[in-house]
Amino acid sequence: MLDTILAAVAAVVWIAAYGVYFSGDLRRWWRGRHRRRAAIAAQREEARRTYAAWVRNIPPPPSRAPILPAPPLVSPRPPNGSGGVVVPFPRTAGSRR
């Protein structure tokens, strides 16, 4: 029983010693939280502005519509094959349907 009490007292003294040793750092950390939060918010806002400026400079995507050449100003001439004779394809006796 005495060992348990002594162990508990040793733990309380150990925790208190660390608390006293780091109390200045803890106080400084706690008092500076507003400054740290403001700095983080300012960094976030600067990152948002930088991203917005970057997005504004992205060129638009290329058009999906095909770019066709301009139509010719003069209509094409008709082919010179006028007066030709059309010969039907010869059929053999076994291929009639």
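## Salt bridges and ring pairs along two helices

Arg49 comes out as partly exposed, at 49% relative accessibility. The model is a predicted one, and this arginine makes a handy way into it. Its side chain forms a salt bridge with Glu45, and the closest N and O atoms of that pair sit 3.8 Å apart. A salt bridge calls for a nitrogen and a carboxyl oxygen within 4 Å, so the 3.8 Å between Arg49 and Glu45 makes the cut. What separates the two along the chain? Arg49 and Glu45 are four residues apart in helix α2, which puts about one helical turn between them.

Glu45 has another partner too. It forms a salt bridge with Arg48, where the closest N and O atoms are 2.6 Å apart. Here the spacing is three residues in helix α2, again about one helical turn. Glu45 is partly exposed at 28% relative accessibility, and Arg48 is partly exposed as well, with a relative accessible area of 49%. Taken together, Glu45, Glu46, Arg48 and Arg49 are linked in a network of salt bridges.

How many salt bridges does the structure hold? The count is four. One of them belongs to helix α1: the side chains of Asp25 and Arg28 meet at 3.2 Å, N to O. Those two residues are three apart in the helix, so about one helical turn lies between them. Asp25 is partly exposed, at 38% relative accessibility, whereas Arg28 reaches 59% and counts as exposed.

Now for the overall picture. The chain has two helices and zero strands. Helix α1 covers residues 2–31, and helix α2 runs over residues 33–56. Of the 97 residues in the chain, 2% count as buried. The surface that the chain exposes comes to about 10300 Å², with carbon and sulfur atoms supplying 66% of that area.

Arg33 tells another story from the arginines above. It is placed in helix α2. Is Arg33 buried or exposed, and what charge lies nearest? Arg33 is buried, yet it has no salt bridge, and the nearest side chain of opposite charge, that of Asp25, is 15 Å away. With a salt bridge needing atoms within 4 Å, Asp25 is therefore out of reach for Arg33 at that distance. What Arg33 does find is Trp30. The arginine lies over the face of the Trp30 ring, at 3.9 Å from the ring centre. Its side chain also reaches the backbone oxygen of Trp30, at 2.7 Å. Trp30 thus meets Arg33 in two ways, through the face of its ring and through its backbone oxygen.

That brings the aromatic rings into view. A pair of aromatic rings is described by the distance of the centres and the angle of the planes. A search of the whole structure turns up five aromatic pairs. In one of them, the ring centres of Tyr18 and Phe22 are 6.0 Å apart and the planes meet at 15°, so this pair counts as stacked. The cut-off for stacking is under 30 degrees between the planes. The two residues are four apart in helix α1, so about one helical turn separates Tyr18 from Phe22. Neither residue is left without cover: Tyr18 is partly exposed with a relative accessible area of 44%, and Phe22 is partly exposed at 34%.

Over in helix α2, Tyr51 and Trp54 make up a tilted pair, at 5.8 Å centre to centre and with 40° between the planes. The spacing in the helix is three residues, which leaves about one helical turn between Tyr51 and Trp54. How accessible are these two? Tyr51 counts as exposed at 53% relative accessibility, and Trp54 counts as exposed at 53% too. The dividing mark is over 50%, so Tyr51 at 53% falls on the exposed side.

Back with Tyr18 and Phe22, the rings are part of something wider. Which residues do the ring pairs link into a cluster? They are Trp14, Tyr18, Tyr21 and Phe22.

Key
Residues numbered from 1 in each chain as written. Predicted model: local features only at pLDDT ≥ 70, side-chain atom pairs only at ≥ 80, totals over all residues. Heavy atoms only, no water. Phe/Tyr/Trp six-rings, centres within 6.5 Å; stacked < 30°, edge-to-face > 60°. Buried < 20%, exposed > 50% of the residue type's maximum accessible area, 1.4 Å probe, protein only. Lys NZ or Arg CZ within 6 Å of the ring centre and 35° of its normal. Lys, Arg positive; Asp, Glu negative; His and termini not counted. Polar contact = N/O pair within 3.5 Å; in protein donor to acceptor, adjacent residues only side chain to side chain. Areas by Shrake-Rupley, 256 points an atom, 1.4 Å probe, with all protein chains shown as cover.
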